[in-house]
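Q: I am a first-year student, and I would like a close look at one single part of this protein. Could you choose a strand and take me slowly through what surrounds it?

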Amino acid sequence: MPTEVLMPALSPTMEKGNLAKWLKREGDTVKSGDVIAEIETDKATMEVEAVDEGTLGKILVPEGTADVAVNTPIAVLLGDGEDVSAIKAGAPAAAKSQRAESQEFQESKAPDAPESEQPQEKGEPVSAVAAPPKPQEEPEPDVPAGTEMVTQTVREALRDAMAEEMRRDEKVFVMGEEVAEYQGAYKVTQGLLQEFGARRVVDTPITEHGFAGLGVGAALAGLKPIVEFMTFNFSMQAIDQIINSAAKTLYMSGGQMGASIVFRGPNGAAARVAAQHSQDFSAWYSHIPGLIVLAPYTAADAKGLLKSAIRNPNPVIFLENEILYGQSFPVPKLDDFVLPIGKAKVVRPGNHVTIVSFSIGMTYALKAAEELAKKHIYAEVIDLRTLRPLDDATIIESVKKTGRLITVEEGWPQNGIGAEISARVMEKAFDWLDAPVMRVTGRDVPMPYAANLEKLALPSVAEIVDAAKAVTYR
């Protein structure tokens, strides 16, 4: 089946760009990873790589075209045995694009519905990240029945959480690189400068060690800073301030001085930002006494947990994900929606195997649960939401029911979140296990830059499905 090549985004906020040059011509054979075109904006130029093998059957957007919208089909790849006539016969209907796959997934039935057990169409599986599953969880116990839900992106939910807390408490302020005049590197702080002014929305120099220390000092003096890192990879420059100053001062002062501060920003892999900008810091910060570590998946969790983090008297690491910023989820329309820290959530019930994940790992976990349901393996999926303190009780109760456990994370395997969960379950629920705990993680390598290698370095739905079949002896 022909495959559409879509106009990619250079950043989560990019809406359109220029197709500068085609490096392959119609009829050329391409391999996965081959550079086929160049796109550019006023800020950057990026190469477009083929993610499939085939023949460049038709170029839909000629080189030199300006203002091409993101996700516009720009070319069509043909597979083995296909020719140009397959496109001419009706390319829009026949070509399989990421956008079409996403729409198919959004309209799919619940996993336990009879339709979900029908055979899948053969071909490349839908990307869980490109078409993120929407949880079918039970309502929050603190949300009254019948509460109106509004659809928001994760970006909008985070912005609203900060704005609401800044209105509520004049001690709350935001600081970081480009949070004010530029409205945030990922537009998460959009509109805050206009509402609260430069005194409470502060642009900083490019010096994480400096402005993180300034934030810690402000917190020790009684203010409530929200420190944004453009990416948590840059937090390594500030890690002494975070751990030695923010996390330890309450203990070292005998409880006399605390730091109510939130460090937030995107964590983990994005898209082709290579080894130094793709690290997952979940396990790094979860190791530290004195820190609270949160990693939400949905917009509702992002909003409710960020509000709780801002109000908490302790330093909080709030790990977001760049890929999730633009994803939409239902959010309760309440005057003050706050979620408890330290409580995981069962987002999909099941009785054959427990799958535990967090943040963007939930995209893989939920999609895998759908695939497993088609094989009559019903997975219970748990979203951790909080990484420290870890909610042992919810995981163990699920394992007592299913007898099997799989953990999913994009971080490296050694000393990871999954390793910690495995150890705790072995200690507290060993007699309930019917199979070894299995971990699905990112590969134990620095993140590659090439798109095809990056894909191989991250977890996949297929790996989770294989792990579930292994522990259920199917």
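A: Two strands are said to pair if DSSP finds at least two bridges between them, and strands (E, at least two residues) and helices (H or I, at least four residues) are themselves DSSP runs, numbered from the N terminus. The structure is a predicted model, in which local features need pLDDT of at least 70 and side-chain atom pairs count only at pLDDT 80 or more, while totals for chains, interfaces and linings use all residues. Residues are numbered from 1 along each chain as its sequence is written, and side-chain values use heavy atoms, with hydrogens and water left out.

The part chosen here is strand β19, which covers residues 379-383. On one side of the account stands strand β17 (residues 345-348), which pairs with β19 in the antiparallel sense over three bridges; within this pairing, V346 has I382 of β19 as its bridge partner. Strand β18 (residues 353-357) is also joined to β19, here by five bridges, and these two strands run parallel. In that parallel pairing, the bridge partner of T354 is E380 in β19. Between β18 and β19 the chain passes through helix α11 (residues 361-373), and this β-α-β crossover is right-handed, a term used if, with the strands pointing away from the viewer, the path from the first strand over the helix to the second runs clockwise.

The side chains come next. In a regular strand the side chains alternate between the two faces of the sheet. In β19, A379, V381 and D383 point one way, whereas E380 and I382 point the other way, and all of them are buried. Buried means under 20% relative accessible area, exposed means over 50%, and partly exposed lies in between, with a 1.4 Å probe and only protein chains considered. Because five of the five residues of β19 are buried, the strand is largely enclosed by the rest of the structure.

For the wider setting, the protein has 15 helices and 22 strands, and buried residues make up 53% of its 474 residues. Contacts, meaning heavy atoms within 4.5 Å, can also be sorted by distance along the chain: of those with a separation of 6 or more, 78% are between residues 24 or more positions apart. As a counterpart to the buried residues of β19, W284 in helix α9 (residues 282-286) counts as partly exposed, because its relative accessibility is 33%.
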